[in-house]
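Work through the exercises below with the model in view. Try each task before reading its solution.

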Amino acid sequence: MKYCNKCKRTYDDSQERCTKCKNKRPLSEITDENTPVYLISADGFERERIQAALSDNGVPNDSVIREEDVAPEVIKGYSSSWRDILVPYSAYDKAYDICIGIGAIKPEGEVKILDEEPQEEFEEMPPAKRATVKVISAILFIIIAALVIFGTDAITGFIKGLFQ
């Protein structure tokens, strides 16, 4: 088995160059069972969930920030950067099976789309109905704004009356 020194992805022995990161150096032979290899990329809660499942099952793991996604956490206030999760080569098969078990990786032949939201289907609204909804929404907004203003005025008048 060979792997890329730059991105840590594994390849068959027949492969000569990394197809993912386009590293110009040839792939290296895996000689040490503890060589870190790429398992999956994830961000935020999904990354934490995968790493917790691996750790709970005794698989050592680490994550490294992708070079193209180095956004400072200080500016955003949270870590949204994608990280590559690495595991030792000797534990790769076990880690892969764990990821399939928790649904992070789909079995061969299936494709997992990350962050897929269920798509809502909307029916097209006729123009007359759309205009009616807009008018009613505007009237309701004006009524709510008036209630807030009059309510605030009534409360301040009541408080003023207590001190006179």
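**Exercise 1: a residue on helix 4**

I143 is found in helix 4 (residues 127–162). This is a predicted model, in which local features need pLDDT of at least 70 and side-chain atom pairs count only at pLDDT 80 or more, while totals for chains, interfaces and linings use all residues. Residues are numbered from 1 along each chain as its sequence is written, and side-chain values use heavy atoms, with hydrogens and water left out.

*Task.* State whether I143 is buried, partly exposed or exposed, and name the nonpolar surface patch residues.

*Solution.*
1. Buried means under 20% relative accessible area, exposed means over 50%, and partly exposed lies in between (1.4 Å probe, protein chains only).
2. The relative accessible area of I143 is 43%, and the residue is therefore partly exposed.
3. A patch is made of residues with over 30% relative accessible area and no salt bridge; like charges are joined within 9 Å, and nonpolar side chains (Val, Leu, Ile, Met, Phe, Trp, Tyr) within 5 Å.
4. The nonpolar patch consists of V135, I136, I139, L140, I143 and L147, and together they have about 570 Å² of accessible area. Accessible areas come from the Shrake-Rupley method with a 1.4 Å probe; for residues, only the protein chains shown count as cover.

**Exercise 2: the chain as a whole**

*Task.* How many helices and strands does the protein chain have, and in what pattern do they follow one another?

*Solution.*
1. Helices (H or I, at least four residues) and strands (E, at least two) are DSSP runs, numbered from the N terminus.
2. The count is 4 helices and 6 strands.
3. Along the sequence the pattern reads β-β-β-β-α-β-α-β-α-α.
4. Of the chain's 164 residues, 26% count as buried.
5. The accessible surface comes to about 12,200 Å², and 58% of this belongs to carbon and sulfur atoms.

**Exercise 3: strand order and pairing**

*Task.* Which order do the strands of the open sheet of 3 strands have, and which strands stand at its edges?

*Solution.*
1. Two strands pair if DSSP finds at least two bridges between them.
2. The order is 2-1-3, with antiparallel pairing.
3. Strand 2 (10–11) and strand 3 (28–29) are at the edges with a single partner strand each, so one side of each has no neighbour in the sheet.
4. Strand 1 (residues 2–3) is joined to strand 2 by 2 bridges, and K2 has Y11 as its bridge partner in strand 2.
5. Elsewhere, 6 bridges join strand 4 to strand 6, again antiparallel, with V37 opposite V87 in strand 6.
6. Strand 4 has 6 of its 7 residues buried, so the rest of the structure largely encloses this strand.

**Exercise 4: the two sides of helix 3**

*Task.* Which residues of helix 3 (residues 92–101) are buried, and what do they pack against?

*Solution.*
1. The buried residues are A95, Y96, I98 and C99.
2. Seen down the axis of helix 3, these residues fall within an arc of 160°, so they line one face of the helix. The arc is that of the directions from the helix axis to the C-beta atoms.
3. They pack against strand 4 (36–42), helix 1 (44–56) and strand 6 (83–88).
4. On the face turned away from the buried side, helix 3 carries the exposed residues D93, D97 and G101.
5. After helix 3 comes G103, with a positive phi near 85°.

**Exercise 5: a loop residue**

*Task.* Where does N61 lie, and with which residues is N61 in contact, leaving aside neighbours within four places in sequence?

*Solution.*
1. N61 is in the loop between helix 1 and strand 5 (62–65).
2. Contact means heavy atoms within 4.5 Å.
3. The contacts of N61 are Q51, L54, S55, I85, L86 and V87.
4. N61 has 21% relative accessibility and counts as partly exposed.

**Exercise 6: salt bridges**

*Task.* How many salt bridges are there, and what parts of the chain does the pair E16 and K2 tie together?

*Solution.*
1. A salt bridge is a side-chain nitrogen of Lys or Arg within 4 Å of a carboxyl oxygen of Asp or Glu.
2. The count comes to 3 salt bridges by this rule.
3. In one of them, E16 and K2 have their closest N and O atoms 3.6 Å apart. E16 lies in the loop between strand 2 and strand 3 and K2 in strand 1, so the pair ties together parts 14 residues apart in sequence.
4. K2 counts as buried, at 12% relative accessibility.
5. R49 and E46 meet at 3.0 Å, N to O; being 3 residues apart in helix 1, they are separated by about one helical turn.
6. R130 and E124 meet at 3.2 Å, N to O. R130 is partly exposed at 33%, whereas E124 is exposed at 66%.
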